[in-house]
Amino acid sequence: MTPKKQAYRLTADGIIAALNKRNMEGYYCDSSAEAVEKALSIMPEGSSITWGGSASIKECGLLDAIKNSSYEILDRDTASDEKLFYSRAVLSNYFLMSTNAITLDGELLNIDGRGNRVAPMIYGPDNVIMIVGMNKVVMDVESAYKRVKVDACPPNTIRLNFDTPCAKTGKCIECLSPQCICNQIVITRFSREKGRIKVILVGEELGF
């Protein structure tokens, strides 16, 4: 095992302990393949599953895995009625996503444009499973906010082909653009429902 991987494991141990104190579950997997296996082991066949916009759950292979398994899939991309989709999604058994940043003390920070990703994270689905690359680990909430503004938002707007200043310059200027994706800022410091939020840390770089 490389020194970097060893450091990831040691760091993850501390984060998992912090998550447990915050009523969230934490797991560590060395690789994406292990993370996919872990996520699938948590979700019984036949469960209803949906997800928020996330490069991480695509990159690690989880989306392909659930689509090739015996689950009830609620996919926004194939929904004919968006409002009906969201009304069903909020009642799903599992909501899959990543987080924009996670602190060493187990706090989660997420920024969203419309709120359709952070809303079900906060309330609705029975369980939330997050796939989180160790590249998203930061010291504290202040560092988390800076990380999202520098490392996550500009490439995300480019990926989505949005017309925002950061998509053109690569840096945030705290814009009020009509297509701004930094409209909802959510810090999750505790889960009232014990174990509802499950964070699978992965010893790889995933997502933005």
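Which residue in β7 is the bridge partner of Phe95? In this predicted model, the partner of Phe95 is Val128. That pair offers a convenient point of entry to the sheet.

The bridge belongs to the pairing of β4, residues 94-97, with β7, residues 127-133. These two strands run in the parallel sense and are joined over 4 bridges. Within this pairing, Tyr94 stands opposite Asn127 in β7. Tyr94 of β4 also has Ile49 standing opposite. Strand β2, which spans residues 48-51, is joined to β4 by 3 bridges, and these strands too run parallel.

The view can now be widened to the whole sheet. Six strands make up an open sheet, with parallel pairing, in the order β1-β10-β7-β4-β2-β3. The edges are formed by β1 (25-29) and β3 (72-73); each has a single partner strand, so one side of each is left without a neighbour in the sheet. As a general matter, the strands of a sheet pair through backbone hydrogen bonds, in either a parallel or an antiparallel arrangement.

Helices accompany these strands. Helix α1, made up of residues 3-21, packs on the sheet and touches β1 and β10 (197-202). The direction of α1 makes an angle of about 170° with that of β1. Helix α2, residues 32-42, lies across β1, β4, β7 and β10. Relative to β10, helix α2 runs at about 160°.

How are the two faces of β4 placed, buried or exposed? Both faces are covered. Tyr94 and Leu96 lie on one side, Phe95 and Met97 lie on the other, and all of these residues are buried. Phe95, with its bridge partner Val128 in β7, is thus one of the buried residues of β4.

Two residues outside the sheet deserve attention for their backbone geometry. Asn161 has a positive phi of about 60°, although this residue is not a glycine. Asn161 is placed in the loop between α7 (141-159) and α8 (165-169). Why does Asn161 count as exposed? The relative accessibility of Asn161 is 68%, and exposure is assigned over 50%, so Asn161 counts as exposed. Glu174 likewise has a positive phi, near 55°, and is a residue other than glycine. The place of Glu174 is in the loop between α8 and β9 (184-188).

Methods: Residues are numbered from 1 along each chain as its sequence is written. This is a predicted model: local features need pLDDT of at least 70, side-chain atom pairs count only at pLDDT 80 or more; totals for chains, interfaces and linings use all residues. Side-chain values use heavy atoms; hydrogens and water are left out. Buried means under 20% relative accessible area, exposed over 50%, partly exposed in between (1.4 Å probe, protein chains only). Two strands pair if DSSP finds at least two bridges between them. Contact means heavy atoms within 4.5 Å. Axes are lines fitted to C-alpha atoms, for helices over the stretch in contact, and angles run from 0 to 180 degrees between N-to-C directions.
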